2 protein chains.
Amino acid sequence: MKSSVEPLKARRIYLLLRDRIIAGDLPPGERLPGEPALAAEHAVSRVTVRRALDLLEKEGLVQRKPGSGTFVHDSRAVRPIVADLSNVLSHLIDMGRSTDVKLLSFGYVAPPEAIAESLGLKPGERVQRSVRVRLIDGEPFSYLTTHVPEWLGLTYSEAELAARPLLELIERSGVKTERATQAINATLAGPEPAAALDLEIGSPLLTLTRIVHDPSGRGVEHLHALYRPDRYSFHMDLVRIGDDGERRWSPALGRPRASEIAKAEKTKADKNKAGEKPTRGSRAIKQRS
Amino acid sequence: MKSSVEPLKARRIYLLLRDRIIAGDLPPGERLPGEPALAAEHAVSRVTVRRALDLLEKEGLVQRKPGSGTFVHDSRAVRPIVADLSNVLSHLIDMGRSTDVKLLSFGYVAPPEAIAESLGLKPGERVQRSVRVRLIDGEPFSYLTTHVPEWLGLTYSEAELAARPLLELIERSGVKTERATQAINATLAGPEPAAALDLEIGSPLLTLTRIVHDPSGRGVEHLHALYRPDRYSFHMDLVRIGDDGERRWSPALGRPRASEIAKAEKTKADKNKAGEKPTRGSRAIKQRS
DNA sequence: GGAACCTGTATGATCCATAATACAGCTTCG
DNA sequence: CGAAGCTGTATTATGGATCATACAGGTTCC
C-alpha cells in the first residue's frame, strides 16, 4: 500500500523543463544547464535526464549540439493553427496552408446513452458514427468523432463525408442548423487518438464537444473533437462591456484578426539577441522539496 | 534501440477505461468486464488491470464490489464548474457555491521575455508576479499566474490581491481595461501546479492565457490560468449567422443560460433508472461506502 | 446447496527503467 | 595548442513494475 502509479522520472523532468520553456523562463536560444547539472539538480542519473531531453528534442522544443550544449529551439518549426471561437479556420487559407481529411471509420451503431440523450433520440434509434482526422500540410492535428441521427446520416454517402464538411451535408439535406452548444475541455490521449494524431499515449489534448440543433430543438449532430495543443488552439478577442456595476468580458465579433496573430508570432520569433539574461528572476519558487 | 518513454501499462489501461467512461460508452451503473477479461483484452496481467482500476476507484469513477464486479459510479460526486466564454462564474453564486482564493506567491521580478513582449514593456521594466489558487467549496480548481507592470502593481497591496479580483484592483487604479485577447489550450501538469491542484504530475490541464490592454493598447495584465478539467470547463452557445455563401457560427451573446446548464446536468443525472436493463445492475450500486 | 462467476491477496520469476561509472568525440575559449 | 566543458555511447547493477499462478472469500443464479 504505497505509491500508486507515479509517472516515470524522465517524464517528470521532461514536463518540468517543458513548462519552463513554454512559460518563457528559458527563452529561445538559451542554453540549458548541462546534463550533469540537471541530473544533480533533480537527483536523478544522467541517463534519465537524457531521456527527458530526448522527448523535448522530439517535440522540437530543444536542439542539441554535440560538444556544445542543448539549446531552446527558437522560431518554433511548426506554427500552431489558430481558430476563433466558432472554430473557423478561414485565415488558414489566407496563409496558403492546406487542410485535408482522412476518414477512419464509418458506420451505423447504437449510440452510447450520453450521446442519445444529448441528441434527444428515441430509445432504440440508431446513429451514424464517423471518425475522421484532419491534417494541416500533411500533419494530423484533430481527431473528430461525430454522431448523427440515422435518418439524417442516410442522406449522404460515406464518400461524401470524406470529401465535404459534415455541416454542409447536413444543411444540404434541408435541415436547418440554427443553435449549437459547445464545451471546451482537456484530456489525455487514449490509444486510438494517439495513434491517429501521431502522439504518445498520455499526451495532453484539447477537446471540443458540440451539439448542433435544428430550429425545433432536435439534435442533428454530436461532435467530439480532440486537438493537438501544439498544432491548434482557440483564440478570441474580448471587449469589456456593461456599465459600472456589471462590467464583464464579451467576445468581440467580426472577422478574426489574422494580422494581429501573425504579428504576435513574428515578434515572438526574433526578439532574442540583445538580451543578456537579467539575473533570472523567478527562481524563487523552484526550491521547495 | 526502441525506448521512447512509454507510459506504464497500468496507466495506459487506466486512461483507456477512463475515456470510455467519460465518453459515455460505459454508462453509469454498468458493470465493467471482469478483471480476467480486461487482462486478456489488453494482453496484460491481472495485477496490472487491478492497478488501473485502483486509479479509477481513487478518482471516484468506479466502484468495486467484492464478489460481484466493478461498476461505473453514477452521479459524479463533484459536479464540474461551468464557465462561459468570458470566464464569468456568475451562475455559481446562483447555485449557492462558494469560491475562495489562496495566494501562493507574490513579488516583483524581471519578466520572462515572452511576457515582457506581450505586455509591450520597455527593456528592464519589472513586473509584479503572483500565483494564486482558486477553490470551489474548498477544492482547488484553478492555478493562476499573473504578471502586471510594476507601476500598476504598486497601486495595491499583497493583502488586497489575496482578497479581491485582480481586474477590479486594476480598474480601481484608474486604468481602463477595454480590450483583451485570450487563447485556450491544453497541457500537462508540472510539479507546482500539480501540487497546488491536488493532482498527479502529468495530469491534463486546460489552459487560458489572457492579455488585457488599456484603450491606448498598453498591456496591463498577463494571465496564465490552469484549470482542472474535471472541475472546470468552458461552455458557450452558438448561433448560425450570415447569408448563404458565408454561413458560420457566432457566439450567442446575452446572459449565460444557467437554467439550460442546470437542466442538462439534471437530466444527465437521473436518466438511468427507467432504462431498459432491469435485469441487474440498478440495484447493485445502491450502497455507498 | 452448489456451480460459476467475481474481487481480494499472496508468491516467485522476469523485464525494464534507472543508477553509477567510464570513455569517446566534439566545441569553446584562453 | 590544450584544458574544460559539452553531448554521445557503452557497461553493469539494482529496484520496481509486471507476469504467471494459486488460493481465499463473497455474490449470483440455478
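Reader: How do you know that the span of H1(A) agrees with its 14 residues?

Author: Happy to walk through it! In this predicted model, the 14 residues of H1(A) should span 20 Å at 1.5 Å a residue. The end C-alpha atoms are 20 Å apart, so the two values agree.

Reader: What makes a residue of H1(A) count as buried, and which ones are they?

Author: The cut-off is under 20% relative accessible area, with the protein chains only taken into account. The buried residues of H1(A) are A:Ala10, A:Arg11, A:Ile13, A:Tyr14, A:Leu15, A:Leu16, A:Leu17, A:Arg18 and A:Ile21. Just after this helix, A:Gly24 has a positive phi of about 85 degrees.

Reader: Why is the pair formed by A:Thr48 and a phosphate oxygen of DNA strand C called a polar contact?

Author: A polar contact needs N or O atoms within 3.5 Å. A polar side-chain atom of A:Thr48 lies 2.4 Å from a phosphate oxygen of strand C, so the pair qualifies by that definition.

Reader: What about A:Ala10 and DNA strand C?

Author: Here a backbone N or O atom of A:Ala10 lies 3.3 Å from a phosphate oxygen of DNA strand C. That is within the 3.5 Å limit, so this is a polar contact too. For A:Arg51, an N or O atom of the side chain is 3.3 Å from a phosphate oxygen of that strand.

Reader: Which helix gives the largest share of the surface near DNA strand C?

Author: That is H3(A), with four residues. The residues of this surface divide into seven nonpolar, eight polar and nine charged.

Definitions and conventions
Residues are numbered from 1 along each chain as its sequence is written. Chains are lettered from A and ligands numbered from 1 in the order in which they are written. This is a predicted model: local features need pLDDT of at least 70, side-chain atom pairs count only at pLDDT 80 or more; totals for chains, interfaces and linings use all residues. Side-chain values use heavy atoms; hydrogens and water are left out. A polar contact is a pair of N or O atoms within 3.5 Å; within protein, one must be able to donate a hydrogen and the other to accept it, and residues adjacent in sequence count only if both atoms are side-chain atoms. Helices (H or I, at least four residues) and strands (E, at least two) are DSSP runs, numbered from the N terminus. Ala, Val, Leu, Ile, Met, Phe, Trp, Tyr, Cys and Pro count as nonpolar, Asp, Glu, Lys and Arg as charged, and the others, Gly among them, as polar. The expected span of a helix is 1.5 Å times one less than its number of residues. Buried means under 20% relative accessible area, exposed over 50%, partly exposed in between (1.4 Å probe, protein chains only).
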